[in-house]
Amino acid sequence: MSITYPVVEKFISINGEGTKAGMLSAFIRMKGCNLCCNYCDTAWANVPDCPCEDLSEAELLTWLRESQVKNVTLTGGEPLLTPDIASLIEAIGMAGMEVEIETNGSVDLTPFDKLSCRPSFTMDYKCPDSGMEGSMLPGNFSILSEQDTVKFVVSSLRDLDKAKEITEYYQLTSRCHVYLSAVFGRIEPKEIVSYMIDHHWNDVYLQLQMHKFIWPPQQRGV
């Protein structure tokens, strides 16, 4: 029996955040997550009875080739918890596409760093207001490189203080890209800009979730 993957949605859109924001990407969202952030905008994909398609590697590769989009984003949920996901990452890379993994910061990246078709990682660090900071694995920072990104999703000034502390302690801006992302509806982007100015915080990027300005914030498949 061939391996299948629990896909809750797949779609073509622009990448709404990160270093490839505004570029086309083929998104494959896997079912399930080990965290429960209180601001999660894809919580529907994490419940046990969430409907999904069990798709094989061959079916996903066919869909990707037909899309004619070179950037592929594997997301969730937490995609790295999906059984045999490394095989899919390798297959997509071998097919000539660029794979980005959106990961929540609680999964060891070591096995995926060693893949022959290594993906780029966009890794969250869950700040205090998420309720999930205790699940973070700071050891992952040593794996990251210039093709990777750490994303701090911030709800408050307390979260910004923690993001700055972590960034400086682990010298992240000399290792990878660092982005600050506002929790939609909880903190105004101008507050983040003011914080950056007041703290002379260089070499980090404010990002807005572009897709939430183009489409309704709760719309799926975009």
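Here is a walk through this structure, from two of its helices to its core and a few of its loops.

The model is a predicted one, so local features are reported only at pLDDT of at least 70 and side-chain atom pairs only at pLDDT 80 or more, while totals for chains, interfaces and linings use all residues. Residues are numbered from 1 along each chain as its sequence is written, and side-chain values use heavy atoms, leaving out hydrogens and water.

Let's start with helix H1, which covers residues 57-67. Helices here are DSSP runs of H or I with at least four residues, strands are runs of E with at least two, and both are numbered from the N terminus. The buried residues of H1 are Leu60, Leu61, Trp63, Leu64 and Ser67. They lie on the same side of H1 because they cover an arc of only 160° around the axis; the arc is that of the directions from the helix axis to the C-beta atoms. Buried means a relative accessible area under 20%, exposed means over 50%, and partly exposed lies in between, with a 1.4 Å probe and protein chains only. As a reminder, an α-helix has 3.6 residues a turn, so residues three or four places apart point the same way.

What do you find on the face of H1 turned away from its buried side? That face carries the exposed residues Ala58, Arg65 and Glu66. Ala58 counts as exposed at 51% relative accessibility, and its C-alpha atom is separated by 29 Å from that of Ser106, 48 residues along the chain. On the buried side, the cover includes strands S1 (4-14), S2 (24-30), S3 (53-56) and S4 (71-75), along with helix H2 (85-94). Contact here means heavy atoms within 4.5 Å.

Just past H1 comes Gln68, in the loop between H1 and S4. Its phi is near 60°, a positive value in a residue other than glycine. Gln68 counts as exposed, at 74% relative accessibility. Asp203 offers another such case, with phi near 70°. Asp203 sits in the loop between H5 and strand S9 (205-207), and is exposed with a relative accessible area of 59%.

Helix H4 spans residues 157-169. Its 13 residues reach 18 Å from the first C-alpha to the last, close to the 18 Å expected at 1.5 Å a residue; the expected span is 1.5 Å times one less than the number of residues. Buried in H4 are Asp159, Leu160, Lys162, Ala163, Lys164, Ile166 and Thr167. Their cover includes strands S6 (120-126), S7 (149-154) and S8 (177-182), plus helix H5 (189-198). H4 is followed by Gln171, whose phi is positive, near 50°.

Now for the core. A nonpolar core is a set of buried Ala, Val, Leu, Ile, Met, Phe, Trp, Tyr and Cys residues joined through side-chain atoms within 4.5 Å. Which members of the largest one touch the most other members? Of its 56 residues, they are Leu74, Ile85, Ile89, Ile92, Val150, Phe152 and Leu180. The largest share of this core, five residues, comes from H2. Leaving aside neighbours within four places in sequence, Ile89 is in contact with Leu74, Leu80, Val99, Ile101, Phe112, Leu115, Cys117 and Pro119. Cys117 counts as buried, at 19% relative accessibility.

The loop between S1 and S2 is worth a visit too. Gly16 lies there and is buried, with a relative accessible area of 4%. The C-alpha atoms of Gly16 and Gln207 are separated by 9.1 Å, although these residues are 191 residues apart along the chain. Glu17 is found in the loop between S1 and S2 as well, and is buried with a relative accessible area of 11%. A polar contact of 2.8 Å joins the side chains of Glu17 and Gln207. Such a contact is a pair of N or O atoms within 3.5 Å; within protein, one must be able to donate a hydrogen and the other to accept it, and residues adjacent in sequence count only if both atoms are side-chain atoms.

Two details remain. In the backbone, a cis peptide bond joins Gly76 and Gly77, with omega about 15°; Gly77 lies in the loop between S4 and H2. As for disulfides, defined as pairs of cysteine sulfur atoms within 2.5 Å, the count comes to zero. Cys37 is in no disulfide, and the nearest cysteine sulfur, that of Cys40, is 6.4 Å away. Cys37 counts as buried, at 12% relative accessibility.
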